[in-house]
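Trainee: Could you take me through one part of this protein slowly, as if we were looking at it together? I would like to see how a single strand fits in with what surrounds it.

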Amino acid sequence: MKLLHKIFLALSLFIITSFSADTTVYVCDSSTSVAYHQSKLCRGLKACTHTIIAVTQTKAINTYGKRACKICY
Ligand SMILES: [Zn+2]
């Protein structure tokens, strides 16, 4: 049982670490855009007439209020 407990601890630690690692996403710096993108080259960003900015995924959601793009996610 002790070994199982250790495995469980290591596993949960791994999950927490991988989730907190923030990825860089791209958003169109316009109030009309709704999504953040995995790549600057996503065709969802082609219509963007504003500046494309690189931010963390957390910031894109919390600060910019964007959701994941349906094309690249
Ligand atoms: Zn996209």
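Mentor: Happy to! Let's start with one pair of residues: Val27 stands opposite Ile53 in E3. Keep in mind as we go that this is a predicted model.

To place that pair, step back for a moment. The protein chain contains two helices and four strands, and from the N terminus on they come in the order α-β-β-β-α-β. Our strand is E1, residues 24-28.

Now look at the partners of E1. With strand E3, residues 52-56, E1 pairs in the antiparallel sense over five bridges. With E2, the pairing is again antiparallel, over two bridges. A hairpin of six residues links E1 to E2. Val27 takes part in this pairing as well, standing opposite Tyr36 in E2.

How enclosed is E1? Four of its five residues are buried, so E1 is largely enclosed by the rest of the structure. For the protein chain, buried residues make up 18% of the 73 residues.

Next comes the core. The largest nonpolar core has nine residues: Val25, Tyr26, Val27, Cys28, Ala35, Tyr36, Leu45, Ala60 and Cys69. Two elements, E1 and E2 (35-37), give two or more residues to this core. E1 supplies the largest share, four residues. As background, nonpolar side chains tend to be buried together in soluble globular proteins.

Let's zoom in on Val27 once more. Leaving out residues up to four places away in sequence, Val27 touches Ser33, Tyr36, Ile53, Val55, Ala60, Tyr64 and Lys66. You have already met Ile53 and Tyr36 as the residues opposite Val27.

The last name on that list deserves a visit of its own. Lys66 sits in the loop between helix H2 (57-62) and strand E4 (67-68). Is Lys66 buried or exposed? Lys66 counts as buried because 21 C-beta neighbours lie inside 10 Å, and the cut-off for buried is 20 or more. Neighbours within four places in sequence aside, Lys66 is in contact with Val27, Val34, Ala35, Tyr36, Ala60 and Ile61. Lys66 and His37 are 29 residues apart in sequence, while their C-alpha atoms are 9.5 Å apart in space.

Finally, here is a figure for the protein chain: among contacts between residues at least 6 apart in sequence, 62% join residues at least 24 apart. As you turn the model, follow Val27 to Ile53 in E3, then to Tyr36 in E2, and on to Lys66.

Conventions:
Residues are numbered from 1 along each chain as its sequence is written. This is a predicted model: local features need pLDDT of at least 70, side-chain atom pairs count only at pLDDT 80 or more; totals for chains, interfaces and linings use all residues. A nonpolar core is a set of buried Ala, Val, Leu, Ile, Met, Phe, Trp, Tyr and Cys residues joined through C-beta atoms within 7 Å. A residue is buried if 20 or more other C-beta atoms lie within 10 Å of its own, exposed if 12 or fewer, and partly exposed in between; C-beta atoms are placed from the backbone. Two residues are in contact if their C-beta atoms, placed from the backbone, lie within 7 Å. Two strands pair if DSSP finds at least two bridges between them.
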